Amino acid sequence: MAHKAKVDVADLTGRLAVVTGGSDGVGFGLAGRLAAAGAEVILPVRNPAKGDDAVARIIAAAPGARVSTRQLDLSSLQSVADLAGQLLAEGRPIHLLINNAGVMNPPTRQVTEDGFELQWGTNHLGHFALTARLLPLLRAGGARVTTQSSISARTGAINWSDLNFEDSYTAGRAYTQSKIANLMFGLELHRRSAEAGWGITSNAAHPGITATNLLAAQPQLGRPKDTLGVRLIRFLAGRGVLTQTVDQGLLPALLAATGYAAEGGKFYGPGGFMNLSGPPAEQAVYRPARDTVDAARLWETSEQLTGVRFALT
């Protein structure tokens, strides 16, 4: 049996963490690890019942854990603004923000409440707007921000001429674009924080090939049953073949968000063959996300599309 990698998390008592997508999969696992280490964890969720169930399971595993939910639909910029307004009104510094939630490969093109292609609008623009609106709290907490990318960002590009894939929609290309954008954003946020003195450390991570529910049956996305891909990933993950379980797949983001040796402006993923699985480690930034000119263009474009800028007030 292969040796299981692990990440030891320091005592996080007194720290406030926000984890998107924390009611399932990698996000749920991350929230549980942070709560067990003493952090107070906020789970912004779209489905309140699913969020309440996640809270109950985390507390059952770590009695005394401080976990709560807030309402958030990342596909709605108004919902993002509402959550940020609530947290700003509470006024508590945020020490950890993990931008983890996402949607993957709707069979047909769908759009967000604001008219953006669903994956672009949810995975990237929603997180961009949320991070921007929370900037005062992140700065007050000297926060570390970790944004979850994907191994799919290894190839592909930002479709600058058709960001919303209105002319020709391909689910995989649109997903890849959103994950390249996540990686670019995580690194650009660190550069801008360093230049402006925001005091925020930002990095990015990816889980390799991990058996989550991203490709599982999701009728609301037009996918009535599990894809062949997710069934295969689950089969291989159970046998440790070039894939991994959620408990292992969450480790790169956990290292990026909490590790003493993890740095801002870096990218973390599984350290095994082709970064598909294995113990977490720093890795080279994927080529599509290396151009800092493109990263600045993405930032400015995202500000224009969301109507949200990184301002301290």
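1. In this predicted model, a good place to begin is His124, which is buried, with a relative accessible area of 1%. His124 belongs to helix H4, the run of residues 118–133.

2. The surroundings of His124 can be listed: leaving aside residues up to four places away in sequence, His124 touches Gln119, Ser178, Ala181, Asn182, Phe185, Leu298 and Ser302. With one of these, Ser302, there is also a polar contact between the two side chains, at 2.7 Å.

3. Helix H4 should be viewed together with helix H6 (residues 171–196), since the axes of the two come within 7 Å and cross at roughly 20°. Because angles under 35 degrees count as roughly parallel, H4 is roughly parallel to H6, and the crossing in which H4 passes H6 is left-handed.

4. The contact between these helices involves Gln119, Trp120, Asn123, His124, Phe128 and Thr131 on the H4 side. They meet residues of H6 that include Ala174, Tyr175, Ser178, Asn182, Phe185 and Leu189.

5. Turning to the strands, E4 (residues 96–99) is covered on both of its faces, with Leu96 and Ile98 buried on one side and Leu97 and Asn99 buried on the other.

6. Strand E4 pairs with two strands that may be examined in turn. Strand E1 (residues 16–19) runs parallel to E4 and is joined to it by 3 bridges, and here Val18 has Leu97 of E4 as its bridge partner. Strand E5 (residues 144–148) also runs parallel to E4, through 4 bridges, with Ile98 standing opposite Thr146 of E5.

Methods
Residues are numbered from 1 along each chain as its sequence is written. This is a predicted model: local features need pLDDT of at least 70, side-chain atom pairs count only at pLDDT 80 or more; totals for chains, interfaces and linings use all residues. Side-chain values use heavy atoms; hydrogens and water are left out. Buried means under 20% relative accessible area, exposed over 50%, partly exposed in between (1.4 Å probe, protein chains only). Two strands pair if DSSP finds at least two bridges between them. A polar contact is a pair of N or O atoms within 3.5 Å; within protein, one must be able to donate a hydrogen and the other to accept it, and residues adjacent in sequence count only if both atoms are side-chain atoms. Contact means heavy atoms within 4.5 Å. Axes are lines fitted to C-alpha atoms, for helices over the stretch in contact, and angles run from 0 to 180 degrees between N-to-C directions. Angles under 35 degrees count as roughly parallel, over 145 as roughly antiparallel, 65 to 115 as roughly perpendicular and the rest as oblique. A crossing is left-handed if the near helix is turned anticlockwise from the far one by less than a right angle, and right-handed if clockwise.
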